[in-house]
Amino acid sequence: MRVLVTGGAGYIGVLTVEELLLKGYKPVVFDSFYWGKEALQPYLDKIEIIEGDCRNSKDIIYALEGISAVIHLAGIVGEFACASNQKAHHTINVESTRTLVNCCTDPEFELVRDFIFASSCSVYGNVKGLYDEVTEETPTAPLSAYAYAKLKSEEIMFKRAEEIPHFHPTSLRLTTVFGWAPRPRLDLVTNLFAYNAWKNKKITIYGDGEQYRSLIHVRDIARALVETLATPRFIRSGKIFHLGEESNNKTVKEIAELVQLFLPDTEIEYIKDKPTDRRDYKINCYKLKNIVGWNAEYSVEDGIEELITKFENMGDIDWDSPNYRNSSFKYI
Ligand SMILES: NC(=O)c1ccc[n+]([C@@H]2O[C@H](COP(=O)([O-])OP(=O)(O)OC[C@H]3O[C@@H](n4cnc5c(N)ncnc54)[C@H](O)[C@@H]3O)[C@@H](O)[C@H]2O)c1
């Protein structure tokens with residue numbers, strides 16, 4: 001089964017490609033390679049690579065030749081990256097989903113039936129005082145253009161599924177990812193705290209740090225994407241699942257304190273009056289576990305330990321480069 005992975009050279013994408021190979025699929029990476037191809041180096045003799053832009057239907061129509069399923073990961077990730085790249089954000093995060101879905105279901109071409117989308121729990125915004133925990137039935141209240149685009153993409157693919165009976169999309173709403181991957185990202189809260197503690201012996205928290213984040217290791221994400229694809233269609237078609245782990249629901253303060261356990265010389269500084277990310281929620285993730293049978297394997301502590309070991313052993317790398325931070329990258 002040839003599976004097209006859009007964004008297959010990214011943080012989550014490379015490990016998804018690795019997981020697909022492990023499970024016997026034939027991954028085809030479709031990517032514009034904002035971060036280069038280097039992270040795919042170990043797999044080059046086992047995968048196909050197509051350089052293209054998800055916003056371009058010509059690129060996609062050629063790439064979909066002989067493809068059985070799509071895992072759609074390409075995107076600009078996070079509130080800050082989207083806010084500082086508004087046009088690229090809209091064209092990539094909304095319009096490319098529309099283009100991909102249309103190309104998968106265009107009656108002129110062979111139907112691509114299976115479509116797994118990486119959405120985000122950011123769609124719930126801030127539920128403090130409203131709900132103790134968030135299930136897939138909790139009303140959405142996006143606080144950012146990024147979160148709104150994820151909802152819009154879900155709407156596009158589920159609406160198309162109503163029109164095309166054999167098109168089977170599934171949305172996985174990811175919690176915040178952490179952990180090491182061959183294309184590292186250091187702008188995610190756990191990874192950033194681990195890096196700042198290791199490099200500067202200091203973690204800075206804006207606000208009081210009491211807001212909850214739900215966290216999940218990047219390898220667990222990759223496995224969940226592939227296990228969801230392998231789940232019978234009647235179980236997952238047209239459905240939304242949270243992708244996370246309840247025991248990894250932590251406040252920002254708790255994440256910093258966990259890092260401090262591994263690097264005890266770390267100072268934790270609070271800057272109370274600086275505006276901060278307002279998302280605050282504890283995500284219930286039992287639906288995916290109960291229905292698909294997937295379970296997380298990594299704790300936040302595992303991820304922090306692994307990150308610190310990598311920083312220690314990777315040699316002379318400029319970790320402050322925008323290549324490791326989507327939030328400061330200029331997208332076109
Ligand atoms: N990392 C997280 O915490 C998180 C949380 C929730 C959802 N997600 C979603 O998971 C997906 C992957 O995120 P990531 O962390 O791996 O990001 P990433 O930036 O590491 O990877 C994204 C990949 O998409 C590619 N890409 C971007 N625009 C493209 C385009 N127009 N055409 C083709 N390729 C394009 C990039 O080159 C990159 O390789 C995104 O859709 C993101 O919104 C991530």
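How many aromatic pairs does a search of the whole structure find? I ran that search as my opening entry, and it came back with 9 aromatic pairs. A reminder to myself before going on: this is a predicted model.

**Entry: aromatic rings**

I picked out the pair formed by Trp 319 and Tyr 324. Their ring centres are 5.1 Å apart, and with 55 degrees between the planes I logged the pair as tilted. Then I looked up whether these two residues are buried or exposed. Trp 319 and Tyr 324 are both buried. I also found that they belong to one aromatic cluster, together with Trp 180, Tyr 195, Trp 198 and Phe 311.

**Entry: around the ligand**

Next I turned to the ligand and listed its neighbours. I counted 31 residues surrounding the ligand, and the closest are Tyr 11, Asp 31, Tyr 146, Lys 150 and Arg 185. Sorted by class, the shell holds 16 nonpolar, 9 polar and 6 charged residues.

Which elements give two or more residues to this shell? I noted helix H1 (11-22), strand S5 (114-120) and helix H5 (145-163). S5 supplies the largest share, with 3 residues. I checked the domains as well: domain 1 (2-177 + 215-243) and domain 2 (179-213 + 248-280 + 299-328) each give at least three residues to the shell.

**Entry: polar atoms at the ligand**

I then wrote down some distances. A polar backbone atom of Tyr 11 sits 2.8 Å from an oxygen atom of the ligand. On the backbone of Cys 54, I found a polar atom 2.9 Å from a nitrogen atom of the ligand. For Arg 185, a polar side-chain atom is 2.7 Å from a ligand oxygen atom. I looked up the area too: the ligand taken alone exposes 840 Å², and the protein buries 98% of that.

**Entry: Asp 187**

Arg 185 led me to Asp 187, since their side chains make a polar contact at 3.0 Å. I placed Asp 187 in the loop between strand S7 (176-178) and H6. What else does the side chain of Asp 187 reach? I found the backbone nitrogen of Asn 326 at 2.8 Å from that side chain. So my notes on Arg 185 have two parts: a polar side-chain atom at 2.7 Å from a ligand oxygen, and the side-chain contact with Asp 187.

**Entry: Asn 85**

I located Asn 85 in the loop between helix H3 (79-83) and helix H4 (86-105). Its relative accessibility is 5%, so I entered Asn 85 as buried. A polar atom of the Asn 85 side chain lies 2.7 Å from the backbone oxygen of Ala 81.

**Entry: positive phi**

I finished with backbone angles. Most residues other than glycine have a negative phi. Phe 33 is not a glycine, yet I read a positive phi of about 60 degrees for it. Phe 33 is in the loop between strand S2 (26-31) and strand S3 (48-51). I put Phe 33 down as buried because its relative accessibility is 10%, and the cut-off for buried is under 20%.

Lys 201, also not a glycine, has a positive phi of about 55 degrees. I found Lys 201 in the loop between helix H6 (189-200) and strand S8 (202-206). Is Lys 201 buried or partly exposed? I logged it as partly exposed, because its relative accessibility is 48%.

Definitions and conventions. Residues numbered from 1 in each chain as written. Predicted model: local features only at pLDDT ≥ 70, side-chain atom pairs only at ≥ 80, totals over all residues. Heavy atoms only, no water. Near = heavy atom within 4 Å. Polar contact = N/O pair within 3.5 Å; in protein donor to acceptor, adjacent residues only side chain to side chain. Areas by Shrake-Rupley, 256 points an atom, 1.4 Å probe, with all protein chains shown as cover. Helix = DSSP H or I, 4+ residues; strand = E, 2+ residues; numbered from the N terminus. Nonpolar A, V, L, I, M, F, W, Y, C, P; charged D, E, K, R; others polar. Domains from an automatic or database assignment. Phe/Tyr/Trp six-rings, centres within 6.5 Å; stacked < 30°, edge-to-face > 60°. Buried < 20%, exposed > 50% of the residue type's maximum accessible area, 1.4 Å probe, protein only.
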